[in-house]
Amino acid sequence: MSDVMRAVPFTKLVNWVFEEYENHRTIFGIPEHKFFKKQGKSTIKLFGQDIDTPVGPAAGPHTQLAQNIIAAYLCGSRFFELKTVQVLDNLEIPKPCILARDEGYNTEWSTELSVEAAFAEYVKAWFVLHLLARELGLSQGRTFIFNMSVGYDLKGVQSPKVDGFIEGLKDASQTAIFQECKSYLQEHAHRFKTVDDQFIDSISPNICNSITLSTMHGCPPAEIESICKYLLAEKELHTFVKLNPTLLGYETVRKTFDEMGYGYIQIKEESFTHDLQYADGVAMLKRLKAFAKQHNRSFGVKLSNTLPVRITRGELPGEEMYMSGRSLYPLTINLALKLAEEFAGDLDISYSGGADFFNIARVFESGIQPITAATTLLKPGGYLRLKQIAEELEPHLDNRTSNFINVEKLRKLAESAIEDPHHLKAKRSAGSRKLDRQLPLTDCFVAPCVLGCPLGQDVPEYIRLVGEGRYEEAYELITAKNPLPFITGTICDHKCMLKCTRWDYDQPVLIREMKLIAAQKGYGAPQKIEKGGNQSSAKVAVIGAGPSGLAAGYFLAKAGMEVTVFDKREKPGGTVEYVIPRFRISSEAIKHDLELVKSVGVKFELGVNPDFSVEKLKSDGFKYIYLAIGAGKSNPLPLEGDSRKVMGAVHFLEEFNRNEGAVNLGKNVAVIGGGNSAMDAARAALRVNGVENVYIIYRRTREYMPADQEELEHALNEGVILKELLTPVSLAHGRLKCQKMTLGEPDGTGRRRPVAQEGQFAEIEIDTVLSATGELVDDDLLRKNGVAADHRGRIKINPDTLETNLANVYIGGDALYGPATVAEAVAHGRKVAKAIIAQEKLALETDIVDRFKFDGTKRLLEIGEKKGTIKATLADENEPGRCLECNFVCNICTEVCPNRANIAINVDRGGVKHLNQVIHIDGMCNECGNCETFCPYDGAPYKDKLTLFWSEEDFASSNNSGFLMVKDGAEPVFKFRVDGRIMTVKFDGDRKTEAAVDSTVLAVAWETFKGYKYLF
């Protein structure tokens, strides 16, 4: 495929917009219910013009093409900073060029179009926005502003090419594209309801009276000043000049990043020393303000231009990229404050730099306007986010005519920025949401949370059941795959949430909490526990009554087998019962899950000798044996000195649970480790009588800790003290000596390797050390029973069944791979149960989601409302209102594409599973890579989805599977390429064809042709 975008001709553009609206009540995929219609009467005065709201897209991917500008307008944009043009307009930009997974990065400097082509896109968009405002009643008159952007030096700005661009946008009346658009509308005015010749004549050719100057990093101050004076005086334009965060200085920026958790972002000191210096910048601005006043023009600054950072992990091609988004916000808002103080508030500030829903109202209330965004619009929801942003700002509009800055409000905003959780790196603790699955051509909707869950729980469906108050059904659906809903609803490490799409909005859906609500409100009703119809005489012994053993017993008994669970302790529950503190999970919660397991007929023999014998169990009549013995041996801590003061964290937690009053730890306690067990031990230690200080000693920094973020925060909030970059060496005379560490290069896990600082130590007064560095499997016991291991000590198993080298002897849970999670333990128990059930030719149905019926129309409407909407977590029955139900409708790739090159169409034939199917429009794509970033699959929609081609040339230059219309009419002919095979397909008038092509692919192509003809 080619990364060259094909501009949509004006005739096709108008037809596309209004035909799509008439047929589907959408425009470029934006649904009508997401169109922004101003409610109040207050407007904003800017450059002598009224606008509905001073919000819109920054110069960038969202203002490059006409359709991008149209989509932004529909959702609420009324200020458009057009993408920068420059004299060098034949750029070779390596692709992909955008990465917006968290903070944003890009490697593009200006429009990828020629200057003339960019001009045409802006004129076409200008006309269509007038049509939409009038025809759809989106605003009264023209209440939007186009602001042109140019760079990068005076010679280029004065070149005939760029000068023609500037003059054309000042007055486009004599340009060919303006006349073409106007003539077409006059000839086709009859197709509109409210647009007539008089209205068309009233569309002003004066598109821009303002400009934003973008200069390259390192541009000399004198050059910047000369360009601004030229634009103000010679071109008579209201002018903003972009300034860079480098004005804050290298040390300030480096310190800010480190404090906020962005230590991995590498900046170059020369980027600061070679760029405009603060004192020179202020002096220049003062001169330019005075100069603008002399020429009766507005002058201000645009904050901020992007910050150059090094490419160190192959994020994008090349060596340097430009940063944007939430990580840039604290820098930009503090630069705004610094300049506002310098000018006592008398400075016009146009703002970008991480502006989004979370901060836009406060930014505006400080006196800053207009406000533009880019990175937030590149995330799921895309342009739809603008509607909420515009509505958020609506109550704050006050007919403002001056950009005078309220310095005090801005100071408070700037001071809070560095501590605002939304802008801290820790706000997003999840890594990549990608799934290890190939993106299919059709029927690609998937819920990443389901695949992220070791148990494959039907998350979207049980959350919807909770939201509809159908708690018993939600409980039934959960327990079909998971017999421990109370336990996993309380202490599960919720890997499902790490894959939640809402990470790219605000915070993940509280999936675990919804499971617990389902358990609490669904438990106690008459239980629909279906046991297998067939019975087996074969008996099963399960060794270990922890989560894995309980799960295996539950599923085996449900299938009709006789199961006995053996455990050395007096109560079932394993680690959950004996180690997890009661402040994390109640005894009642554990009891409810045990009652469920017992209800299907599982027998228990407790307090037995832990030294089991496989041969003895088989001689006792057990055909199958499942070893779920856990990891019970402590991992010794290599610490010199007084070993009597060192205790395993698990052993301590057992003692604490048994009788916390009997535990004596002294005043000062050190917990060594960074996992959840360390957090539990630290929090429990704080509750022990006599303990005054509890320290968590960790050899890396907080951002690399394996503990759940929430567990760490609980510990810190309760008073635990975190000591980073320390490794304990010895304990003697009440003092713990620790080696100071620093972070080196990343290791195989992606975490930066801790490296000792030679000769650097720290000492802490400590009475007791709790080691939370993991537990070990009792290999001796396994070896004695003949369970074989490989040369690395790993137990030999069949990975599909978890059967060991011993026939009908299985192993799972912590006993197999070492300490893991409750959900992983349950998953192992279920896998073993399924293997045994299959061997006995019994049946166990766990996939019962299709039994639960929902109103599909209502579901679609509700999901549509949630798209593009930021919403805080609720932790109650209203939380389902945040779930995007991605396996029912996803469309993320259509939302995040700035160019609208990914299209969702309705297909209800050909055997497709989902009503929505996604196609890719080759001619509208520039391969920016944004859809690949957010697609949950390990794939790229712009390469892997079924592609519609506009020309034989484009078809031939691509490897994408897709189709090209060769002949129109009642019996259309298409050229198809599927999996590299090219064929010609002729449809009859009833969509039938003899071609040997997958029926779903044919159905998508046919429905595109019949229902979306404007796409061709």
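Let me start with the open sheet of five strands, which in this predicted model has the order S23-S30-S24-S25-S26, with parallel pairing. The edges are formed by strand S23, residues 646–648, and strand S26, residues 721–723, each of which pairs on one side only. From one strand to the next, the twist averages 25°. If you look at the S23 side, you will see that S23 and strand S30, residues 768–771, run parallel and are joined by three bridges, and that Gly 648 stands opposite Ser 771 in S30. Packed on this sheet is helix H27, residues 676–686, which touches strand S24 (668–672), strand S25 (693–697) and S30; the direction of H27 makes about 170° with that of S25.

Now to the nonpolar cores. The largest of them has 209 residues, and within it Leu 132, Phe 146 and Phe 976 touch the most other members. Which helix gives the most to this core? That is helix H3, residues 115–135, with 14 residues. A second core, separate from the largest, holds 97 residues, among them Val 459, Leu 617, Phe 622 and Val 809. As a general point, nonpolar side chains in soluble globular proteins tend to be buried together.

Phe 976 deserves a moment of its own. Setting aside its neighbours within four places in sequence, Phe 976 is in contact with residues that include the aromatic side chains of Phe 955, Phe 963 and Phe 987. Its contacts also include Ile 982, Met 983, Val 985, Val 1001, Leu 1002 and Ala 1005, together with Gly 962 and Arg 981.

Another element I would like to point out is helix H14, residues 385–393, which is mostly covered, seven of its nine residues being buried. Those buried residues are Arg 385, Leu 386, Lys 387, Gln 388, Ile 389, Ala 390 and Leu 393, and they pack against strand S5 (55–57), helix H2 (66–75) and H13.

H13 brings me to the backbone, where the loop between helix H13 (360–365) and strand S16 (371–373) contains Pro 370. A cis peptide bond joins Gln 369 to this proline, with omega at about -10°. There is also a cis peptide bond from Leu 303 to Ser 304, where omega is near -5°, and Ser 304 is placed in the loop between strand S12 (299–303) and strand S13 (307–310).

Two residues other than glycine have a positive phi, and I will take them in turn. Arg 25, in the loop between helix H1 (10–24) and strand S1 (26–27), has a phi of about 55° although it is not a glycine; its relative accessible area is 38%, so Arg 25 is partly exposed. Ala 875, for its part, has a phi near 60° and is found in the loop between helix H32 (856–866) and helix H33 (892–896). Is Ala 875 buried or exposed? It counts as partly exposed, because its relative accessibility is 47%, and the partly exposed class lies between 20% and 50%.

Finally, the second largest pocket has a volume of about 860 Å³. Of the 35 residues that line this pocket, the closest to its centre are Thr 26, Gly 29, Pro 31, Asn 891 and Asn 916. Two or more residues of the lining come from each of H1, strand S2 (30–31), H32, H33 and strand S33 (902–906).

How values were computed
Residues are numbered from 1 along each chain as its sequence is written. This is a predicted model: local features need pLDDT of at least 70, side-chain atom pairs count only at pLDDT 80 or more; totals for chains, interfaces and linings use all residues. Side-chain values use heavy atoms; hydrogens and water are left out. A nonpolar core is a set of buried Ala, Val, Leu, Ile, Met, Phe, Trp, Tyr and Cys residues joined through side-chain atoms within 4.5 Å. Buried means under 20% relative accessible area, exposed over 50%, partly exposed in between (1.4 Å probe, protein chains only). Helices (H or I, at least four residues) and strands (E, at least two) are DSSP runs, numbered from the N terminus. Contact means heavy atoms within 4.5 Å. Two strands pair if DSSP finds at least two bridges between them. Axes are lines fitted to C-alpha atoms, for helices over the stretch in contact, and angles run from 0 to 180 degrees between N-to-C directions. On a 1 Å grid over the protein atoms alone, a cavity is a set of points where a 1.4 Å probe fits but cannot get out, and a pocket is an open set with protein on both sides within 12 Å along at least five of seven lines; lining residues have an atom within 4 Å of a point. Grid points are joined across faces, edges and corners, and a volume is the space filled by probe spheres set on the points.
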